[in-house]
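Reader: I would like a close look at a single part of this model, the nonpolar patch on the surface. Please also say where the patch sits in the chain and how far the prediction can be relied on.

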Amino acid sequence: MFPSISLAQEIGLAVLLVAALVWVAGLGHMLWGSRSRQPEPVAAEALPMIPAQRSSAGHPMESVQLTEAEEQAFAGLIRTIPLH
């Protein structure tokens, strides 16, 4: 086809062109499909398997007692976070 490039380069160019066309077709299909979709369901309808959040007390395994030094270190860490 092109006299200045080898057969391997021509094959590589053809493969690259086909891959690009497949990618463009897939992208177009994805974008066209997203136009006709229904709106996202409400979280309560979409995720019925997730249990409701427990009270603030929680399970004993979900809480840790901190020492006074740990509480002070945590408070110092929180004060370093910028609130902009």
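Author: A helix here is a DSSP run of H or I with at least four residues, and helices are numbered from the N terminus. In this predicted model, the elements run α-α-α from the N terminus on, giving three helices and zero strands.

The patch is made by Trp23, Val24, Leu27, Met30 and Leu31, and its nonpolar surface is about 530 Å². One of these residues, Leu31, lies in helix 1, which spans residues 7-35.

As for the surroundings, the whole chain has an accessible surface of about 8,400 Å², with 68% of that belonging to carbon and sulfur atoms. Of its 84 residues, 1% count as buried.

On confidence, the chain has an average pLDDT of 81, and 69% of the residues score at least 70. Among the elements, the lowest mean pLDDT, 56, belongs to helix 2 (residues 43-46), and the highest, 93, to helix 3 (residues 68-80).

Conventions. Residues are numbered from 1 along each chain as its sequence is written. This is a predicted model: local features need pLDDT of at least 70, side-chain atom pairs count only at pLDDT 80 or more; totals for chains, interfaces and linings use all residues. Side-chain values use heavy atoms; hydrogens and water are left out. Helices (H or I, at least four residues) and strands (E, at least two) are DSSP runs, numbered from the N terminus. Buried means under 20% relative accessible area, exposed over 50%, partly exposed in between (1.4 Å probe, protein chains only). Accessible areas come from the Shrake-Rupley method with a 1.4 Å probe; for residues, only the protein chains shown count as cover. Patches are made of residues with over 30% relative accessible area and no salt bridge: like charges are joined within 9 Å, nonpolar side chains (Val, Leu, Ile, Met, Phe, Trp, Tyr) within 5 Å. A salt bridge is a side-chain nitrogen of Lys or Arg within 4 Å of a carboxyl oxygen of Asp or Glu. pLDDT is the predictor's confidence in each residue, from 0 to 100.
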